Amino acid sequence: MTAAFLTARDLAVTLSGREVLRGVSLSLTRGHLVALVGPNGAGKTTLLRALAGLVEAQGEITIGGDSLAALPLRERAKRFGYLPQGHLVHWPLPVRDVVALGRFPHGATDPAWLSPHDAEAVTRAMAVTDVAQFADRIVTELSGGERSRVALARVLAVEAPVVLADEPTASLDPRYQLDVMQTLRTTADAGTLVIVVTHDLGLAARFADTVLVMANGGLAAHGTPAEALSDEIMQQVFRVSAYRAQYQDSGVILPWSGT
């Protein structure tokens, strides 16, 4: 059995006097894509930020056997690649320079002066996200879908063992949604632990190894897509029924009607 790489025990977060996360415990391994789903206000973004140490939380988090609380900020930045909501890049910089910002935790403070190792990391990240052809283009001249891939390339350039992506497919057309999720799937297959917040249960069912379902600040279900998105959970948490099928060796789960 593969050892857990990222663990959390009894996480709780209070924001503005309101408890938004409580009693969350999990154990996740590298090489998996984990979909974090749930209704609006369930605590998904707060959990993602808590795991990265970006919001104060009670409880215990370990990454690679080390306590997150004991890690210096630069070391945390090396271990987590974080893509927040509203992730489009608005700086008028060449794409290559934007992606090179992902090497900052490793000491690369000037995109114009990268070490060979840093330059290779940037090149790999642009290749896997299919933005290498835009390397010299100003990022603000690209389409929204193209810029979303550049933002993802910046995160992947960190070469962190854990990637946290908060709604990376929001506002994208179907083709770009599939492109982004396939890139994250490829990243997980290469040995990274990828955790994705999404409202698209169909994408979660298709691409994820594990689905975490959140409701009211806690975990309501944890398992394979078929297990975590059971008819009971779909009704209790999402208040919908689901259409289920099998297509090209993948399970299809599609919210179908309100219950």
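**Exercise 1. The second largest pocket**

Which helix gives the most to the lining of the second largest pocket, and with how many residues? Work this out on the predicted model, then describe the pocket.

Solution.

Step 1. The helices to consider are helix 4 (116–128), helix 5 and helix 6 (174–189), each of which supplies at least two residues of the lining of the second largest pocket.

Step 2. Helix 4 gives the most to this lining, with 4 residues.

Step 3. The second largest pocket holds about 250 Å³ of space. It is lined by 13 residues, and those closest to its centre are Val 128, Leu 156, Glu 159, Thr 187 and Thr 192.

Step 4. Sorted by class, the lining of the second largest pocket has 8 nonpolar, 3 polar and 2 charged residues.

Step 5. Domain 1 (1–64 + 161–258) and domain 2 (87–159) each provide at least three residues of the lining of the second largest pocket.

**Exercise 2. The two domains**

State how the chain is divided into domains, and how many residues the contact takes from each domain.

Solution.

Step 1. The chain is divided into domain 1, made of 1–64 and 161–258, and domain 2, made of 87–159.

Step 2. The contact takes 11 residues from domain 1 and 13 residues from domain 2.

Step 3. Between the C-alpha centres of domain 1 and domain 2 the distance is 26 Å.

**Exercise 3. The largest pocket**

Find which residues lie nearest the centre of the largest pocket, and explain why the largest pocket lies where it does relative to domain 1 and domain 2.

Solution.

Step 1. The volume of the largest pocket is about 400 Å³.

Step 2. Of the 17 residues that line the largest pocket, Arg 76, Ala 77, Phe 80, Tyr 82 and Pro 105 lie nearest its centre.

Step 3. Helix 2 (73–79), strand 6 (80–83) and helix 5 (144–157) each supply at least two residues of this lining. The largest share comes from helix 2, with 4 residues.

Step 4. The lining of the largest pocket contains 11 nonpolar, 3 polar and 3 charged residues.

Step 5. Because domain 1 and domain 2 both give residues to the lining of the largest pocket, it lies between them.

**Exercise 4. The sheet of 6 strands**

Give the strand order of the open sheet of 6 strands, and identify the strands at its edges.

Solution.

Step 1. The order is 6-7-8-3-9-10, and the pairing in this open sheet is mixed.

Step 2. Strand 6 and strand 10 (218–223) each have a single partner strand, so they stand at the edges and one side of each is left without a neighbour in the sheet.

Step 3. On average, neighbouring strands of this sheet are turned by 15 degrees against each other, direction ignored.

Step 4. Strand 6 pairs with strand 7 (residues 162–166) in the parallel sense over 4 bridges. Tyr 82 stands opposite Leu 164 in strand 7; Tyr 82 is also among the residues nearest the centre of the largest pocket.

Step 5. Helix 5 packs on the sheet and touches strand 6 and strand 7, its direction making about 165 degrees with that of strand 6.

**Exercise 5. The sheet of 4 strands**

Give the strand order of the open sheet of 4 strands, and say which helix lies across strand 1, strand 2 and strand 4.

Solution.

Step 1. The order is 2-1-4-5, with antiparallel pairing.

Step 2. Strand 2 (18–28) and strand 5 (66–67) are the edge strands, as each pairs on one side only.

Step 3. Strand 4 (residues 58–63) pairs with strand 5 over 2 bridges in the antiparallel sense. The bridge partner of Thr 62 is Ser 67 in strand 5.

Step 4. Helix 1 (residues 44–51) lies across strand 1 (6–15), strand 2 and strand 4, and runs at about 120 degrees to strand 1.

Methods. Residues numbered from 1 in each chain as written. Predicted model: local features only at pLDDT ≥ 70, side-chain atom pairs only at ≥ 80, totals over all residues. Heavy atoms only, no water. Pairing = 2+ DSSP bridges. Contact = heavy atoms within 4.5 Å. Axes fitted to C-alpha atoms, helices over the stretch in contact; angles between N-to-C directions. 1 Å grid on protein atoms, 1.4 Å probe; cavity = no way out; pocket = protein on both sides within 12 Å on 5 of 7 lines; lining within 4 Å. Points joined across faces, edges and corners; volume = space filled by probe spheres on them. Nonpolar A, V, L, I, M, F, W, Y, C, P; charged D, E, K, R; others polar. Domains from an automatic or database assignment.
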